[in-house]
Amino acid sequence: MSASMTALSLLLIFPALMAFAACSDLLTMRISNRLVGIVVLAFVGVALVMGLSLEAIGMHLAAGALMLAIGFGLFAMGWIGGGDAKLTAAIGLWLGFGLLLPFLLYASILGGALTLGLLMARNYALPAPLLGAEWAVRLHNPKTGVPYGIALAIAAMLVYPQSFVF
């Protein structure tokens, strides 16, 4: 494999995982522990291949740990799901301290817009073509939460071009 193909492969790992996380949350209202584990392991592999120093890797680990603590605080208050908390930590690992604030700002704005849009859509009947789609019926149910992983994944992708991978 050529150097440019290897570099492109490394660049696409995180976006592919974020797309999978967003789709998973939309379709199942779950972000699996396995997926979060893959995001974490992919960071370690990419960081080592990219030659990130041990000190820098340690700082990224600290950023992920901070996001895990904050995420579980939000989970304990019932504001986000456990999968969202773990995904936020894994994203924090990839982005490091330098990109956490822009990520959190985007996630807040996108999550708010997603929540408001979903709440408004739930006031209307589900279109007939979607009545047979289990995920759409679940999402339309007012007792169902919000697939916040979508907002987290999009926010991560908005700041990803400024990450160490680039």
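Which residues in α3 are buried? In this predicted model, the buried residues of α3 are Ile 57, His 60, Ala 63, Gly 64, Met 67 and Gly 71, and the report below begins with that helix before turning to the pockets and to two single residues.

## Helix α3 and its cover

Helix α3 runs over residues 54–76, and its 23 residues reach 32 Å from the first C-alpha to the last, which is close to the 33 Å expected at 1.5 Å a residue. The elements that cover its buried residues include α2 (33–49), α4 (82–95) and α5 (97–121). An α-helix has 3.6 residues a turn, so residues three or four places apart point the same way. The buried residues listed for this helix include Ile 57, His 60, Ala 63 and Gly 64, along with Met 67 and Gly 71.

After the helix comes Gly 78, and the phi of this glycine is positive, near 80°.

## His 60

One of the buried positions can be followed in detail, for His 60 has its place in helix α3. Because its relative accessibility is 10%, and buried means under 20%, His 60 counts as buried. Leaving aside residues up to four places away in sequence, His 60 touches Phe 43, Leu 52 and Phe 164, and also the run of Gly 92, Leu 93, Trp 94, Leu 95 and Gly 96.

## Where α3 meets α5

The axes of α3 and α5 come within 9 Å of each other and cross at roughly 35°. On the α3 side of this contact stand Met 59, Ala 62, Ala 63, Leu 66 and Met 67, and these meet Phe 97, Leu 100 and Leu 104 in α5. By class, the contact of α3 with α5 is made of 8 nonpolar residues, with no polar and no charged ones.

## The two largest pockets

The largest pocket has a volume of about 240 Å³. It is lined by 18 residues, of which Met 29, Gly 81, Gly 82, Gly 83 and Asp 84 are the closest to its centre. Helix α4 gives the most to this lining, with 4 residues, and the lining of the largest pocket as a whole divides into 7 nonpolar, 7 polar and 4 charged residues.

The second largest pocket has a volume of about 180 Å³. Among the 13 residues that line it, Leu 74, Ile 80, Leu 104, Tyr 148 and Leu 152 are the closest to its centre. The elements that give two or more residues to the lining of this second pocket are α3 and α5. In the lining of the second largest pocket, 10 residues are nonpolar and 3 are polar, while no charged residues are found there.

## Met 29 and Val 44

Met 29, one of the residues closest to the centre of the largest pocket, is found in the loop between α1 (3–28) and α2. Most residues other than glycine have a negative phi. The phi of Met 29, however, is near 60°, a positive value in a residue other than glycine. Met 29 is partly exposed, because its relative accessible area is 23% and the partly exposed class lies between 20% and 50%.

Val 44, in turn, is found in helix α2, and it counts as partly exposed because its relative accessibility is 37%. Val 44 and Leu 116 stand 72 residues apart along the chain, and their C-alpha atoms are separated by 36 Å.

Technical notes
Residues are numbered from 1 along each chain as its sequence is written. This is a predicted model: local features need pLDDT of at least 70, side-chain atom pairs count only at pLDDT 80 or more; totals for chains, interfaces and linings use all residues. Side-chain values use heavy atoms; hydrogens and water are left out. The expected span of a helix is 1.5 Å times one less than its number of residues. Buried means under 20% relative accessible area, exposed over 50%, partly exposed in between (1.4 Å probe, protein chains only). Contact means heavy atoms within 4.5 Å. On a 1 Å grid over the protein atoms alone, a cavity is a set of points where a 1.4 Å probe fits but cannot get out, and a pocket is an open set with protein on both sides within 12 Å along at least five of seven lines; lining residues have an atom within 4 Å of a point. Grid points are joined across faces, edges and corners, and a volume is the space filled by probe spheres set on the points. Ala, Val, Leu, Ile, Met, Phe, Trp, Tyr, Cys and Pro count as nonpolar, Asp, Glu, Lys and Arg as charged, and the others, Gly among them, as polar. Axes are lines fitted to C-alpha atoms, for helices over the stretch in contact, and angles run from 0 to 180 degrees between N-to-C directions.
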